[in-house]
Amino acid sequence: MKKVYLFLSLVFCLLIGNYLVASKNTVKSESKSSLIYQNDKPNKVTEDLRAIYKQKAKEGRTATLDQKRIEIEKQLVPTPSNIKIKGETIEGTKVEWLIPDKSPEDKIIFYVHGGGWSRGGLRYSRNLGTILAREAGYRVLTIQYRLSPENPFPTGLTDVEKVYSSLVKNLSPKSKVVIVGDSAGGNLTFALLNQLKTLNGKYPSAVVGISPATDLTKESQLYTSDFDSIHANYHGNDINIIDTYVGNNDRKNPLISPLYGDLKGLPPMLIHAGAREELLDDILAYAAEANFQGVAVTCKVWRGMFHNFQLMDKASPISKQANTEIAQYIKEHLGN
């Protein structure tokens with residue numbers, strides 16, 4: 001019922017305004033925001049992959065963090081030969097470029113990977129990074145931000161901000177950047193926007209959040225759902241990776257839980273969520289709040305899909321469609 005209530009609440013928020021255009025699956029308002037429910041039922045291949053994903057998540061509940069870090073670094077999406085990989089260090093942080101042939105230098109996708117703030121690196125980033133570079137045709141910059149629990153908040157966010165700020169500082173005035181973040185990377189992406197507001201920094205042209213974690217309070221769906229992926233064994237102790245990342249800091253700090261920030265004036269956003277994922281309530285709440293504060297946000301919920309389903313890539317027709325739409329959104333905001 002809570003999910004239904006939040007979904008209806010978001011629809012209500014999007015209806016605010018004197019001008020209304022409505023269709024069967026999409027609601028639009030004056031704020032140029034929209035909520036879309038993708039009603040296509042997943043095929044058997046997608047359902048089978050979902051079952052495997054769910055089982056692996058349960059098996060990972062008691063795994064050590066070191067084991068999880070090794071497992072996540074497998075590159076499942078091959079990088080084609082027409083996309084070159086180039087390593088670099090920016091502001092003391094290792095980064096990697098995925099550069100499609102003939103891609104413009106002044107159109108950049110800055111990708112912040114997920115992994116619960118505690119795992120994932122450059123090799124893991126090549127999965128979604130490859131998808132973005134391949135589908136959009138633009139160069140993608142990925143980042144090896146420092147991980148929790150060794151480096152709790154705000155370390156990872158500090159790395160992301162330094163790399164992003166250095167990137168935009170060294171680009172030409174006509175250059176454009178779109179930021180993409182998935183899961184914990186989505187959290188860092190939206191937190192970065194809140195930080196840029198306080199720093200009076202330059203916003204990206206647009207933002208894409210894929211299953212983003214928007215609320216780390218103990219009342220959030222992420223926390224109360226007892227999501228398998230937020231548990232790990234670390235040095236013999238059972239840990240909750242949200243707790244180890246946040247520490248004793250205020251969980252409603254907008255740099256920790258972007259939902260509680262001043263969102264007015266933020267750039268356009270595309271947010272994707274699976275209808276069966278544990279973060280759905282939190283994602284819908286963020287989209288509603290962003291819309292209420294005047295942000296042009298498109299939030300799309302995909303029937304039957306789970307957290308970060310885009311990583312299935314071409315193995316699932318729905319994942320393929322989602323990635324195509326993300327690429328199209330990026331193209332619209334980076335330009336030809």
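# Exercises on a predicted model

Five aromatic pairs are found here, where rings of Phe, Tyr and Trp (its six-membered ring) pair if their centres lie within 6.5 Å. This is a predicted model, in which local features need pLDDT of at least 70, side-chain atom pairs count only at pLDDT 80 or more, and totals for chains, interfaces and linings use all residues. Residues are numbered from 1 along each chain as its sequence is written, and side-chain values use heavy atoms, without hydrogens and water.

## Exercise 1: A ring pair

Classify the pair Trp117 and Tyr245 as stacked or edge-to-face.

Step 1. Planes under 30 degrees apart count as stacked, over 60 as edge-to-face and the rest as tilted.

Step 2. The ring centres of Trp117 and Tyr245 are 5.1 Å apart and the planes meet at 15°, so this pair is stacked.

Step 3. Place both residues. Trp117 sits in the loop between strand E6 (107–112) and H4, while Tyr245 belongs to helix H8 (residues 241–246). They are 128 residues apart, so the pair links distant parts of the chain. Helices (H or I, at least four residues) and strands (E, at least two) are DSSP runs, numbered from the N terminus.

Step 4. Check burial. Trp117 and Tyr245 are both buried. Buried means under 20% relative accessible area, exposed over 50%, partly exposed in between (1.4 Å probe, protein chains only).

Step 5. Add Phe153: with Trp117 and Tyr245 it forms one aromatic cluster.

## Exercise 2: Unusual backbone

Find which peptide bonds between E7 and H5 are cis.

Step 1. Ser148 to Pro149 is a cis bond, with omega near 5°. Pro149 lies in the loop between strand E7 (139–143) and helix H5 (155–169).

Step 2. Phe153 to Pro154 is also cis, with omega about 10°. Pro154 is in the loop between E7 and H5 as well.

Now compare Ser183 and Asn200: which is buried, and which is exposed?

Step 3. Ser183 is not a glycine, yet has a positive phi of about 55°. Its loop runs between strand E8 (176–182) and helix H6 (184–199). Ser183 is buried, at 13% relative accessibility.

Step 4. Asn200, again not a glycine, has a positive phi of about 60°. Asn200 lies in the loop between H6 and strand E9 (206–210). Asn200 is exposed, with a relative accessible area of 71%.

## Exercise 3: One side of a helix

Work out where the buried residues of H3 lie around the axis.

Step 1. In H3 (residues 65–72), the buried residues are Leu65, Lys68, Arg69 and Ile72.

Step 2. They span an arc of only 100° around the axis, which puts them on the same side of H3. The arc is that of the directions from the helix axis to the C-beta atoms.

Step 3. Recall the geometry. An α-helix has 3.6 residues a turn, so residues three or four places apart point the same way.

Step 4. Name the partners. The buried residues of H3 pack against helix H4 (122–136) and strand E10 (231–234). Contact means heavy atoms within 4.5 Å.

## Exercise 4: The nonpolar core

State how many residues the largest nonpolar core has.

Step 1. A nonpolar core is a set of buried Ala, Val, Leu, Ile, Met, Phe, Trp, Tyr and Cys residues joined through side-chain atoms within 4.5 Å.

Step 2. The largest such core has 63 residues. Phe110, Trp117 and Leu141 are among those with the most contacts inside it.

Step 3. H6 gives the largest share of this core, seven residues.
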